[in-house]
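Work through the following exercises with the coordinates open beside you. Each task is followed by a solution that goes step by step.

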Amino acid sequence: MTTEQTASEQSAKDVHSFAKPAEAVAKHLDLNIDVNFEQKVLHGTASYLIENKTGTDEIVFDTRGLEIEKVYLGDAQEETGFALGDEKEFLGRPLSVKIKPDTKKVTIQYKTSPDAAALQWLNPQQTAGKKYPFLFTQSQAILARTWIPIQDSPGIRITYNAEVKVPKELLAVMSASNPVEKNASGVYTFEMKQPIPSYLMALSVGDLVFREVGTQTGIYAEPATIEAAAYEFAEMDKMLVAAEKLYGKYRWDRYDLLVLPPSFPFGGMENPRLTFVTPTVLAKDRSLTSLIAHELAHSWSGNLVTNGTWNDFWLNEGFTVYFERRIMEEIYGKDYADMLNVLGYQDLMNTLNDLGKDSQDTRLKLDLEGRDPDEGLTDIAYEKGSFFLQNIEKAVGRERFDEFLNNYFNTFAFQSTNTDKFLDFLQKELIKGDEELAKKINVDGWVYSPGLPADFKVPTSARFAKVEEAFQSWKNGTPAAQLSTKDWSSHEWLHFIRMLPEQMSQEQMADLDKAFNFTNSGNSEVLAAWFIHAIQNNYTTADEAMEQFLTNVGRRKFLVPIYKALAATPEGKKKALAIYAKARPNYHAVSTVTLDEMLK
Ligand code: BES
Ligand code: ZN
């Protein structure tokens, strides 16, 4: 272990973990679990190689809802004492295990609870194939502790091996080296050789097949989905090439995707070697693949150089959005990246509006003590973070900034970092006492102040200028069918729909729908944006499609604005509650936690 790692483990206090890594820290995990679909339970052992740094007599792990059966020490499997502390909201309970100064191995025998928040157990009806059940995990931010007793802090890294037993008809995959087909035993083994933080622990079990894309890339999906996925993501190899060209060698050997059933609560999750992705990006025209660029970019920003605490979340997401747009620019040109930037800016404006632009939560460096780290998951980290980096790029020029970022990723590879460390590095390697440059970069304005700095320049897009022209002419009375919308991508359509006025007549709604078939669009982004207008204008033609969407799709980013728009009127709220009652069993805990609160 390097001295930097020791220093970071000691300095960055993670208020969302009970672990005391400066005293005793886990280095390697051997996970051995049985997946029981009938009981919705994982059962087995988590065996850790540990380092007792101070000769302490306890090591502390995070748990939430786990049943701890027994704990053993060493290869001799000697039973040892343990205690579970009081339950804390969001955080769960600390598991303190009695150890000796020379203890090297701690084995915890445990069972998960059927309502473990990280796990979603799907019945066959909720899958594409409708024949077999399905399981997937979502560990970020602090849900790993609901399926593994673990030191659940992004400041701590472990390597892992796993053996997972599943029903014979199913395949298991993890954020590790993966099998490419089922075997007769139903037992699968995994290895993650590079040290990773706990939030990147991931497992999925289902009727999965594998399809190669390039030599280093491929896709796992249900048989019913693999064809569509292979078409949609055919360019993932190109993205890997572009990413390596920008910020250096990909350090995780393979890069594969796992396409999940539609209840997956996020767009994507950057589980190392195996990004988990929502099927709602299967638009049939490869128009929503910036999400893959995003998750791939996390292989550097996040997985390689990791936010040390959830207060530094912008170091993961802001860097990744910046990097994602650079990949897209590399492959599809500046005009394309500009569209993403403008949409991101619109999202950021909405977030600033919702939070209030003086809110402390609009600073890049957050203070989430006593709160669920999920509250930091806003476009501040993503978009304000990315615009901050664009601002630095503008101040020093692209060449110098890229050199700096390469240096940053290499210097902190396989380590956790935090806002202060990044800013120190920025001072030392880029600003170097240049006061004029420091003023332009304006660390204080971006990182520690709410809202946006006064000199922020609003991004523009040439392709969107054309959309705005079309919109103006529609507003001036040109029928929708006569607008020039040829070759518009998802992004142009999204921009157009977002521009539509809040109040529209039934005729206007019908005119648009007839010309562009929004209500029956196969594009999830278009649908989700259109339904907002349908709700606001009581356009009941879209009701059936909306209900269908809400019961099928579990992606929180889509669900929240739609339910929110519905809940804005008493009648709409009734409708929302009726749909939610039916749809809720299809959603992952990540989404129901948010929606329960919103709709109560
Ligand atoms: N790592 C995030 C998802 C996440 C963040 C899960 C925090 C839990 C807690 C992932 O990389 C992500 O940002 N996904 C986005 C898509 C992206 C293109 C902005 C999403 O799911 O919407
Ligand atoms: Zn991300």
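**Exercise 1. Helix α17 and its surroundings.** List the buried residues of helix α17 and determine which helices they pack against.

Solution. The coordinates belong to a predicted model, and burial is judged here by a relative accessible area under 20%. Applied to helix α17, which spans residues 556-566, this criterion selects Arg556, Phe558, Leu559, Ile562, Tyr563, Ala565 and Leu566 as buried. An α-helix has 3.6 residues a turn, so residues three or four places apart point the same way. The next step is to look for the packing partners, and the buried residues of α17 are found to pack against α15 (524-536), α16 (543-552), α18 (570-583) and α19 (589-599).

**Exercise 2. The crossing of α18 and α19.** Describe the geometry with which α18 passes α19, and name the residues that meet there.

Solution. Begin with the axes, which come within 12 Å and cross at roughly 145 degrees. The handedness follows as a second step, and the crossing of α18 with α19 is left-handed. Finally, the contacts show that α18 contributes Lys573, Ala576, Leu577 and Tyr580, which meet Thr592, Leu595, Asp596 and Leu599 of α19.

**Exercise 3. An open mixed sheet.** Establish the strand order of the sheet that contains β17, and decide whether β17 is enclosed or open to its surroundings.

Solution. The sheet is open and consists of 5 strands in the order β15-β16-β17-β19-β18, with mixed pairing. Because β15 (209-212) and β18 (268-269) stand at the edges and each have a single partner strand, one side of each is left without a neighbour in the sheet.

Turning to the pairs, β16 (residues 217-221) and β17 (residues 255-259) run parallel and share 4 bridges. Within this pair, glycine 218 has aspartate 256 as its bridge partner in β17, while isoleucine 219 has leucine 257. On the other pairing of β17, 4 bridges join the strand to β19 in the parallel sense, and valine 259 stands opposite valine 277 of β19.

The burial of β17 is then checked face by face: Tyr255, Leu257 and Val259 lie on one side, Asp256 and Leu258 on the other, and all are buried. Since 5 of the 5 residues of β17 are buried, the strand is largely enclosed by the rest of the structure.

Two helices complete the picture. Helix α2 (residues 223-232) lies across β15, β16 and β17 and runs at about 145 degrees to β16, whereas helix α4 (residues 290-297) lies across β17, β18 and β19 (274-277) and runs at about 125 degrees to β17.

**Exercise 4. The zinc site.** Which residues coordinate the zinc ion (ligand 2), and why is the arrangement of its donor atoms irregular?

Solution. The coordinating atoms include NE2 of His294, NE2 of His298 and two OE entries of Glu317, at 1.9 to 2.8 Å. In sequence, the spacing of the donor residues is H-x3-H-x18-E. Histidine 294 in helix α4 and glutamate 317 in helix α5 (residues 313-332) are 23 residues apart, so that the pair links distant parts of the chain. Both histidine 294 and glutamate 317 are buried.

For the geometry, six donors count as octahedral if opposite donors are over 155 degrees apart and all others between 65 and 115. The 6 donor atoms around the zinc ion (ligand 2) subtend angles of 52 to 159 degrees, which makes the arrangement irregular.

**Exercise 5. Two residues compared.** For threonine 417 and tyrosine 448, find the secondary structure, the accessibility and the contacts beyond four places in sequence.

Solution. Threonine 417 belongs to strand β21 (residues 415-417) and is buried, with a relative accessible area of 2%. Leaving aside neighbours within four places in sequence, threonine 417 is in contact with Val305, Thr306, Asn307, Gly308, Asp312, Leu315, Tyr408 and Phe422.

Tyrosine 448 belongs to helix α11 (residues 443-448) and counts as partly exposed, at 35% relative accessibility. With neighbours within four places again left aside, the contacts of tyrosine 448 are Arg363, Lys365, Thr419, Asp420, Leu423 and Val443.

Note on methods: Residues numbered from 1 in each chain as written. Chains lettered and ligands numbered in written order. Predicted model: local features only at pLDDT ≥ 70, side-chain atom pairs only at ≥ 80, totals over all residues. Heavy atoms only, no water. Pairing = 2+ DSSP bridges. Helix = DSSP H or I, 4+ residues; strand = E, 2+ residues; numbered from the N terminus. Contact = heavy atoms within 4.5 Å. Axes fitted to C-alpha atoms, helices over the stretch in contact; angles between N-to-C directions. Donors = N, O, S within 2.8 Å, 3.2 Å for Na, K, Ca; no water. Tetrahedral: all angles 85-135°; square planar, octahedral: opposite > 155°, others 65-115°. Buried < 20%, exposed > 50% of the residue type's maximum accessible area, 1.4 Å probe, protein only. Left-handed = near helix turned anticlockwise from the far one by under 90°.
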